[in-house]
Amino acid sequence: MGHELLRQPKWRVIDQSHFGPLFDAKQSFAIDDALCTAVGAGQSDAVVRTWVHENTVVLGAADTKLPYIDEAISFLRQEGYRVVVRNSGGLAVVLDSGVLNISLIFPETKNTIAIEQGYEAMYALMAAMLASYGARVEAGEIVGSYCPGSYDLSIGGKKFAGISQRRVRGGVAVQIYLCVNGSGAARAELIRRFYELGRQGEKTKFAYPDVVPAVMASLSELLGCELSIDELLVALWRTLQSFGGELYSSALENGEWNWYEQYWARIVERNANVSSGEPMREVEP
């Protein structure tokens, strides 16, 4: 079902995987919104954007409602992580130099893209990309993982990736984080502790995950070989080409920077009390 979305005549490739520690995750969310706007307006081909952020925990809006959120955020900072609240749904995830993020940005101008269709496209792409490693990738919720969802990607019951979606002005961004190397269980332990400190045994209206570190792993751990971000990038581009599209390298253009500035201002405002260290107030969705 997702294959037809992968058959774009042209893919505009924006690789931001080597920007280093100064590249803030808030910038990524503003960039994807700007690109959604450009794609939705017919001013850009479909985009594949790759990005890496160092030691960052990205929270969902629901996480900010934890009863002891300030203590939980302090813990993450003590562990050396930046904390960012994203502008879309979902729950806490860990980003670091061993996690590759991929955004596929499609136009929704001619045909409506069903939510499932976006997820299926990313799943189909990942399954094709990892087939050369002999991996059998499955999609379905992995209970005990952080940010669980019906399109968790796993091998042998262990989750290595999660997919989310964002829709802005006629553009659809399907985003995935891929744990390429490092310890999946160590990342999960960080989030398990975050929720333990954030809840402190209190009952909450929202059902936060009970994280079980053993159900999460990196691709390197699962495949038994040390994979690099660069190796996965090459596999990604080759796989996209195999669906018949032409790939060309690109960066944000003039008009897109104007949209970026608007979306950046919004996400900075949303994160104002996180970065200032003030007590968390409720974040509007």
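In which sense do strand β3 and β4 pair, and over how many bridges? Select residues 56-59 for β3 and 82-85 for β4. The two pair in the parallel sense, over four bridges. Keep in mind along the way that this is a predicted model.

**Stop 1: the three-stranded sheet**

With β3 and β4 still highlighted, show Thr56 and Arg82 as sticks: threonine 56 stands opposite arginine 82 in β4. Now add β5, residues 93-95. That completes an open sheet of three strands in the order β4-β3-β5, and the pairing is mixed. The edges belong to β4 and β5; each has a single partner strand, so one side of each is left without a neighbour in the sheet. Look along the strands and you can check the twist: neighbours here are turned by 25° against each other on average, ignoring direction.

**Stop 2: the eight-stranded sheet**

Next, colour the other sheet. Reading across, its eight strands run β7-β8-β9-β10-β6-β2-β1-β11. This one is also an open sheet with mixed pairing. Its edge strands are β7 (138-139) and β11 (246-249), each pairing on one side only.

Go to the β11 end and select β1, residues 10-16. β1 and β11 pair in the parallel sense over four bridges. To find your place in that pairing, pick lysine 10, which stands opposite glutamate 246 in β11.

Now swing over to helix α4, residues 115-131. The helix lies across five strands: β6 (99-107), β7, β8 (153-155), β9 (158-168) and β10 (171-179). Against β9, helix α4 runs at about 140°.

**Stop 3: Asp152**

Stay in this area and select aspartate 152, in the loop between β7 and β8. Is this residue buried or exposed? Aspartate 152 counts as buried because its relative accessible area is 2%.

Show what the side chain reaches. One partner is the backbone nitrogen of glycine 149, at 3.0 Å from the aspartate 152 side chain. Another is the side chain of lysine 159, joined to that of aspartate 152 by a polar contact of 2.9 Å. Widen the selection and, leaving out residues up to four places away in sequence, you will find that aspartate 152 touches Glu138, Ala139, Gly140, Glu141, Ile142, Ser145, Cys147, Lys159 and Ala161.

**Stop 4: salt bridges**

Side chains of opposite charge can pair when their charged atoms come close. There are 13 salt bridges in the structure; here are three to pull up.

Start with Arg12 and Glu256. Glutamate 256 and arginine 12 form a salt bridge whose closest N and O atoms are 2.8 Å apart. Glutamate 256 sits in helix α8 (residues 254-270) and arginine 12 in strand β1, so this pair ties together parts that are 244 residues apart in sequence. Hide the surface to see them well, as both glutamate 256 and arginine 12 are buried.

Then select Asp32 and Arg49. The side chains of arginine 49 and aspartate 32 meet in a salt bridge at 2.7 Å, N to O. This pair links distant parts of the chain, 17 residues apart: arginine 49 is in strand β2 (residues 46-51), aspartate 32 in helix α2 (residues 25-40). Arginine 49 and aspartate 32 are both buried.

For the third, go to helix α5, residues 184-199. Arginine 192 and glutamate 189 form a salt bridge, with closest N and O atoms 2.9 Å apart. Both residues lie in this helix, three residues apart, about one turn. Arginine 192 is partly exposed, with a relative accessible area of 26%, and glutamate 189 is partly exposed at 32%. Add Arg193 and Glu196 to the selection: with Glu189 and Arg192, they are linked in a network of salt bridges.

**Stop 5: the cysteines**

Finally, show the cysteine sulfurs. How many disulfides does the structure hold? It holds zero. Try Cys36: the closest cysteine sulfur, in cysteine 147, is 18 Å away, so the two are too far apart for a bond. Cysteine 36 is buried, with a relative accessible area of 0%.

Cysteine 225 is in no disulfide either; the nearest cysteine sulfur belongs to cysteine 179, 15 Å away. Cysteine 225 is partly exposed, with a relative accessible area of 32%.

Definitions and conventions. Residues numbered from 1 in each chain as written. Predicted model: local features only at pLDDT ≥ 70, side-chain atom pairs only at ≥ 80, totals over all residues. Heavy atoms only, no water. Pairing = 2+ DSSP bridges. Contact = heavy atoms within 4.5 Å. Axes fitted to C-alpha atoms, helices over the stretch in contact; angles between N-to-C directions. Disulfide = S-S within 2.5 Å. Buried < 20%, exposed > 50% of the residue type's maximum accessible area, 1.4 Å probe, protein only. Polar contact = N/O pair within 3.5 Å; in protein donor to acceptor, adjacent residues only side chain to side chain. Salt bridge = Lys/Arg side-chain N within 4 Å of Asp/Glu carboxyl O.
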